[in-house]
Amino acid sequence: MAELVVLYKAPKDAAAFDKHYAETHIPLAKKLPGLKKYAVSNGPVGSPAGPSGVHLVAILTFNSVADIQAAFGSAEGKAAAGDVPKFASGGADLLIFDTKEV
């Protein structure tokens, strides 16, 4: 399996972010070809040291990194990626990696 983890940093307007993310971005992202699972953080995102500066974490699961790359090369992927600047005023870090159970 492979994961795409998106760390959305604190936006200028959290309520506007949450509304756009729920009503617009999630439906777009759920159309990504090859998407197996889509989970998001619920509530504040902290760290062992306290507040993290991250507003929301999204974890998208695919069969492989190649599938993630193909998904974002598709029309649906381009639409989802193009939507991010419309609501993620704090910026976002994207991490892509293969996983294995240990």
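Hi everyone, let's start with helix α3 (residues 75-83): the cover over its buried residues includes α1 (14-29) and α2, where contact means heavy atoms within 4.5 Å. Before I go on, this is a predicted model, in which local features need pLDDT of at least 70, side-chain atom pairs count only at pLDDT 80 or more, and totals for chains, interfaces and linings use all residues. Residues are numbered from 1 along each chain as its sequence is written, and side-chain values use heavy atoms, with hydrogens and water left out.

A word on the labels: helices (H or I, at least four residues) and strands (E, at least two) are DSSP runs, numbered from the N terminus.

Back to α3. Which of its residues are buried? They include G77, A80 and D83, and buried here means under 20% relative accessible area, exposed means over 50%, and partly exposed is in between, with a 1.4 Å probe and protein chains only. These three cover an arc of only 130° around the axis, so they sit on the same side of α3; that arc is taken from the directions from the helix axis to the C-beta atoms. Turn to the other side of α3 and you find A75 and K78, which are exposed.

Now for the two ends of this helix. S74 lies in the loop between α2 (65-73) and α3. Is S74 buried or exposed? It is buried, at a relative accessible area of 14%. The side chain of S74 also makes a polar contact of 3.3 Å with the side chain of E76. By polar contact I mean a pair of N or O atoms within 3.5 Å; within protein, one must be able to donate a hydrogen and the other to accept it, and residues adjacent in sequence count only if both atoms are side-chain atoms.

Past α3, the loop that leads to β6 holds P85. P85 is exposed, with 64% relative accessible area. Its C-alpha atom is separated by 14 Å from that of I26, and the two residues are 59 apart along the chain.

On to the strands. Strand β5 (residues 54-62) is mostly covered, with seven of its nine residues buried. What pairs with β5? One partner is strand β1 (residues 2-9), antiparallel over eight bridges; two strands pair if DSSP finds at least two bridges between them. Strand β2 (residues 37-40) also runs antiparallel to β5, joined by four bridges. If you'd like one residue to find on screen, try T61 in β5: it is the bridge partner of E3, and K37 stands opposite T61 as well.

Last topic: salt bridges. How many are there? The count comes to two, taking a salt bridge as a side-chain nitrogen of Lys or Arg within 4 Å of a carboxyl oxygen of Asp or Glu.

One of them joins K9 and D93, with the closest N and O atoms 3.4 Å apart. K9 belongs to strand β1 and D93 to strand β6 (residues 92-98), so this pair ties together parts that are 84 residues apart in sequence. K9 is partly exposed at 35% relative accessible area, and D93 is partly exposed at 32%.

In the other, the side chains of E23 and K19 meet at 2.8 Å, N to O. Both of these residues lie in helix α1, four residues apart, about one turn of the helix. E23 counts as exposed at 52%, while K19 is partly exposed at 48%.

Thanks for listening, everyone!
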